[in-house]
Structures are given as structure tokens and as C-alpha cells.
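Here are my comments on the model, as numbered points. They deal with charged side chains and with backbone angles.

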Amino acid sequence: MTDAPRHPYVQLLDRIIAAAEAGDATDLYDIYTEDAVIWHNHDGRETTVAQNADLLEKMAQWVADRRYTERRIHVFDGGVVQQHVLRGTHRTTGEELSMDACAVLYVNAEGRATRLDEYIDSAQARKFRP
């Protein structure tokens, strides 16, 4: 492990993950620009930060012990890509869940996220719902 500081784009990802794991979306409004878009491959829809924040907080009601594992990160000019596995325990059934995912975060010159493209397996994602 290195003591070198993490790239600012990776720090944004770290903050998004911390918010998701805690079930507290408050920080998302400081991470994203006001007009940022979050897109999901499984439905092709673009959502707002507020809609994404609402889903993140609902997820905390459905899935306990959320954690992002096996993070593989690549920084590129203007953004960062992360592949990961989201894990947790379904609050109703007690089932251990996992979902493979990939997120592409675009960052502006001011260091704020303007867009997140999220790629997930919809069959795995359905198990995370109530």
C-alpha cells in the first residue's frame, strides 16, 4: 500500500462509495454539479442527482452491510472508470447479495462530477430490491 495521495477523481469515487455504504446521500450534492446526469444501462434512463440520492437512501432500507469490493480503477483525462462488486445482505430475506458493476465518472475542470454512467447486470440488481 502506498502513502501517495489518491487522484482527485478517485477521491470523488471514494466519497460516492462512502455515501452509498452509509446510506446517506448528503455529500452527493457537493460531489456532482447541479445539472449532473446519472445514466443506467439497464433502462437507458438519465436521472438527476436528487433521484440518484433517493435511490441510494432507499437501497439502505433494502440492503444492509453494503460494501464495494474488488475495486479496479483507471483514471483517464476528464474522468475515471471503476469496476467493482457491490455486496450486501437483503434485509427481508437475509440473502447475501452481490452485483458486478462498472461506473464511468466524468469530471469537469473545477473537480466536480458532471455525469456518471453505470453499467449493471439487471438480473443481479433485481435481487437488491424489496
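1. Arg-67 and Glu-96 form a salt bridge, at 4.0 Å from N to O. The cut-off is within 4 Å, and the listed distance is 4.0 Å. Please keep in mind that the model is predicted. Arg-67 belongs to strand β3 and Glu-96 to strand β5 (residues 96–107), so the contact ties together parts 29 residues apart in sequence.

2. How exposed is Arg-67? Its relative accessible area is 26%, so Arg-67 is partly exposed. Glu-96 has a relative accessible area of 52%. Exposed means over 50%, so Glu-96 falls in the exposed class.

3. Next, Asp-14. Its side chain meets that of Arg-71 in a salt bridge, with 2.8 Å from N to O. This pair links distant parts of the chain. Arg-71 sits in strand β3 (residues 63–76) and Asp-14 in helix α1 (residues 8–22), 57 residues apart.

4. Asp-14 has a second partner to consider. Arg-6 and Asp-14 also meet through their side chains in a salt bridge, at 2.7 Å from N to O.

5. What is the exposure of these three residues? Arg-6 has 41% relative accessibility and counts as partly exposed. Asp-14 is at 23%, so it is partly exposed; the buried class requires under 20%. Arg-71, at 29% relative accessibility, is partly exposed.

6. Which residues are joined into one network by salt bridges that share partners? They are Arg-6, Asp-14 and Arg-71. Asp-14 is the shared partner, bridged to Arg-6 and to Arg-71. For the whole model, the count comes to nine salt bridges. The pairs described here are among them.

7. Now the backbone. Most residues other than glycine have a negative phi. Asp-65 is not a glycine, yet its phi is positive, at about 55°. Asp-65 is found in strand β3. Its relative accessible area is 49%, so Asp-65 is partly exposed; the exposed class begins over 50%.

8. Glu-70 raises a similar point. What is the sign of phi at Glu-70? Phi is positive, about 55°, although Glu-70 is not a glycine. Glu-70 is found in strand β3. With 46% relative accessibility, Glu-70 counts as partly exposed.

9. Strand β3 recurs in these comments. Arg-67 lies there, bridged to Glu-96 of strand β5. Arg-71 lies there too, paired with Asp-14 of helix α1. Asp-65 and Glu-70 are in strand β3 as well.

Notes:
Residues are numbered from 1 along each chain as its sequence is written. This is a predicted model: local features need pLDDT of at least 70, side-chain atom pairs count only at pLDDT 80 or more; totals for chains, interfaces and linings use all residues. Side-chain values use heavy atoms; hydrogens and water are left out. Buried means under 20% relative accessible area, exposed over 50%, partly exposed in between (1.4 Å probe, protein chains only). Helices (H or I, at least four residues) and strands (E, at least two) are DSSP runs, numbered from the N terminus.
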